[in-house]
Every structure is written in C-alpha cells, then in structure tokens.
Amino acid sequence: MSKAMRDFTHGELDWRPWVAPLDLNAATEAQLVALKVTPSNRAVGAYSLVLAHDPEALSERSPLYNGIMFGAKGLPRADRELGAVAASRINGCAYCASVHALRFTQLTKEPEVMERVQTDGVDAALDPRRRAILDYSAKLTRDPAVIGPADAAPLRAQGLTDLEILDLTHAVAMFAWANRLMQTLGEPAALALEGNPL
Amino acid sequence: MNDAIDVIDMLAGLTAGSPLAHLRRQRPDVVKHLQGSDDVIFSPQDDGGLTRAERAAAALRIATLLRDVVLSEHYRARLAALDPDGTLARTVEGGSRTTEPRWDAILAHVDLVTRGPGSADRKDIDNLQAAGLSSHAVVSLSQLIAYVNFQSRVLAGLRMLKGAA
C-alpha cells in the first residue's frame, strides 16, 4: 500500500463541488430527511449537500448503494470492492479507485493485490478467481452491450454462484452510477494514481 | 416479500416466479430501492424544472448510445406518451440540433457523461446552468444519466444469467 493511497481516506472532505451545495439553514424537511440530518448531527459533506438538491433521488439511492455494497451473505464484500475498483479505474475516477482499493485491502489484509493492480492495471497478476471477477467487471463497465451468456462461464468455473454473480453485477453497475456523479458534479481532489489505468 | 414483476424483471424478460426473479428477491433492499429510484427519477413529485418528457428523452438517448435495444424501446414508448407530437423524440433519434439552447445543452451533457465520465469539467456544469437549469435540475439530470448507465449494466448481467441458465 503506497502512502498516496492511504491519504484518501477522508471521503467527502476531498471533493470540490461545481454545483453550490445546499445551505442546510435553507433546507426543506424532505432534504433534511434525505440527508438524515438531526439537531445533533449536522456534519454533512459537500457531496451529499449537492445531491440533496434532488432529495427524492438521494433518498432512494443511499439505501440502494448500501444494499448492494453491504448486503449480507452472497459475494464477499472484498470482491464487490474489486468490482468497484475495476469500474472506477476504467471510468477515470482515480479517487474512487483509491478509496475502494483501500477498503479491499482492509477486508482482505492482502495489500500486495492492490499494489499490483495499481502498478500493472489490467495485466496485474491475480489469482484465477479474482482474474475472472476483474475481467467481467471491466467488460461490463466498458460496454454492457457485448456481455453475453458465455461471460458467465469463467465466473462459474471459479465457483461463483448465481447470487454472487448478481451481487458482482450490482456492484459494478453501481459504480457506473457513482463514478458518473462524483466526476461530473464536482472534482475529486485526488492525486493521480501511479501505474497504468485498467 | 413482493413477487410482483417490476421494471427490471420486465426489461430483462423475467416472469413472476422464474428462477432469476426469485434470485433477485434474495436482495429485497436492492429490488425495493432500484424500483424506488426508477420511480422518483422518472416520475418525481417535484421535477425541479426537468420535465418528465425531457427525462424520458434523455433516457432514450442513453439507451441508444449503449445499444440497449430493449431499454431504448422502453424509453421510446414512455416518451411517446409524454411527447405526443414527437418533438423531443426527433432530436434524440435523429441526432439533430434543435433551436432550443436549453435542450441542446442537456443532450450534450447526456452524451458526455455517458461516453466519458472522466472528461467532464466545471464548464460542463456551467453550461447547463447558463442554459437555465436550476441546481435541482442539474442534480436530477446527473442522477438520471448515472441511473440509466447503471440500469443497462444490471440488465446486461441478468440477460447473461438468463441466457446461461
């Protein structure tokens, strides 16, 4: 784990908005509910304050994200993070990739995996199971139209169940969503990652 | 557990009680809030100035860019109901510019964020606001673009599993 990757653990503090964030003092009840703001918790980051301009969408997206990334059983959380890293690198969100690489490493205690991904990108040497997960994640991120029934075979050959494949699909798709919000409504203030993008 | 067919089932060609419809329902929070997202993105209580017809038209454009035939037909039908004279549909399907700077700015942003999310810049948001979109409308448009990109990938995975069953 490089020092650069460790530096991006502050989440929303490192994100500079291009749309003026909501002024909490002028927030509607619906916006406060969407943000889960209470009198004792008014610490809300700029990213959430921008999304709160559309409280209806924010209120659905937050539990959807949590269900996809943290839902019990099924695909191990670290593998969902691997899908998130692959999507984020391809979508150009170095900030998102570094945050989720760190989560992968926290979950697996295998820092060498993300070091290799950071350095070698798509060609990183991975065990066959992670290779299959990364290949599917990359293909689905780049062009969903070319995904076909044959793409399930390498995942199944590595022992993934259909629920696990569905979980991976959800995670990769969620980063098609997240990367598009974070990079177009503002600017992740992250340093460029070393190595080749996936 | 609610086993009624939802929009994702319909678009993936899943029937009630089928193995994949059942598999999806092992993730009840995902099913619930995916449908909930679809509802509030396309039929919001407060549209913030981005109309339902514009939302359907933007979604049609994204589905077309992604070459998702079923999703394109879904949004084409929705747009036809909201835009009976076909004005928006022609700008989306024909790729022609309109005489309305606001809609041109929206379509340009749809294309940019779908194709290359990493290449967006502050000026792209400034362009939308200069064309008259409120902060609410800008965020709603951004959520919509991101959602349809998400949706098409969820559908691709489900169709893969359906075809490989």
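Helices here are DSSP runs of H or I with at least four residues, and strands are runs of E with at least two, both numbered from the N terminus. Everything in these legends comes from a predicted model.

**View 1. The loop between α4 and α5 of chain B, with B:R67 in it.** That loop sits between α4 (52-65) and α5 (69-82) of chain B. B:R67 isn't a glycine, yet its phi is positive, at about 60°. For background, most residues other than glycine have a negative phi. Is B:R67 tucked away or out in the open? A residue is buried at 20 or more other C-beta atoms within 10 Å, exposed at 12 or fewer, and partly exposed in between. B:R67 has 13 C-beta neighbours inside 10 Å, so it counts as partly exposed.

**View 2. A:K73 in the loop between α4 (55-70) and α5 of chain A.** Here's another residue that isn't a glycine but has a positive phi, this time near 60°. A:K73 has 10 other C-beta atoms within 10 Å, so this lysine is exposed.

**View 3. Chain A in outline.** Chain A is built from ten helices and two strands. Walk along the sequence and you meet them in the order α-β-α-α-α-α-α-α-α-α-α-β. Chain A has 198 residues, and 48% of them count as buried. Take the contacts in chain A with a separation of 6 or more: 74% of them join residues 24 or more positions apart.

**View 4. Helices α5 and α6 of chain A, side by side.** The axes of α5(A) and α6(A) (residues 94-108) come within 8 Å and cross at roughly 160°. That angle is over 145 degrees, so the two helices are roughly antiparallel to each other. The crossing is left-handed. On the α5(A) side, the contact uses A:R77, A:A78, A:E81, A:L82, A:A84, A:V85, A:S88 and A:R89. Facing them from α6(A) are A:C96, A:A97, A:H100, A:A101, A:R103, A:F104, A:L107 and A:T108. Sorted by class, that contact has nine nonpolar, three polar and four charged residues.

**View 5. Helix α8 of chain A and what covers it.** This helix takes in residues 128-142. How far apart should its ends be? At 1.5 Å a residue, its 15 residues should span 21 Å, and the end C-alpha atoms are indeed 21 Å apart. The buried residues of α8(A) are A:R130, A:A132, A:I133, A:L134, A:Y136, A:S137, A:L140 and A:T141. Their cover includes α5 (77-90), α9 (152-157) and α10 (162-184) of chain A. Chain B pitches in too, with its α9 (135-163).

**View 6. Helix α10 of chain A, with A:A176 picked out.** The 23 residues of α10(A) should span 33 Å at 1.5 Å a residue, and the end C-alpha atoms agree, at 33 Å apart. Of those 23 residues, 21 are buried, so the rest of the structure largely encloses this helix. A:A176 lies in α10 of chain A. With 26 other C-beta atoms within 10 Å, A:A176 is buried. Leaving out residues up to four places away in sequence, A:A176 touches A:A87 and A:T141, plus B:N149, B:F150 and B:R153 from the other chain. For a sense of scale, A:A176 and A:L160 are 16 residues apart in sequence and 22 Å apart in space, C-alpha to C-alpha.

**View 7. Where α10 of chain A meets α9 of chain B.** The axes of α10(A) and α9(B) come within 8 Å and cross at roughly 160°. That makes this pair roughly antiparallel as well. The crossing of α10(A) and α9(B) is right-handed. By class, their contact has 14 nonpolar, six polar and three charged residues.

**View 8. The contact between chains A and B.** Chain B puts 46 residues into the contact, and chain A puts in 44. On the chain B side, α2 (19-24), α3 (28-42), α8 (122-130) and α9 each supply at least two residues. Which helix gives the largest share of that side? It's α9(B), with 20 residues. Split by class, the side of chain B that touches chain A has 22 nonpolar, 16 polar and eight charged residues.

Key. Residues are numbered from 1 along each chain as its sequence is written. Chains are lettered from A and ligands numbered from 1 in the order in which they are written. This is a predicted model: local features need pLDDT of at least 70, side-chain atom pairs count only at pLDDT 80 or more; totals for chains, interfaces and linings use all residues. The expected span of a helix is 1.5 Å times one less than its number of residues. Two residues are in contact if their C-beta atoms, placed from the backbone, lie within 7 Å. Ala, Val, Leu, Ile, Met, Phe, Trp, Tyr, Cys and Pro count as nonpolar, Asp, Glu, Lys and Arg as charged, and the others, Gly among them, as polar. Axes are lines fitted to C-alpha atoms, for helices over the stretch in contact, and angles run from 0 to 180 degrees between N-to-C directions. Angles under 35 degrees count as roughly parallel, over 145 as roughly antiparallel, 65 to 115 as roughly perpendicular and the rest as oblique. A crossing is left-handed if the near helix is turned anticlockwise from the far one by less than a right angle, and right-handed if clockwise.
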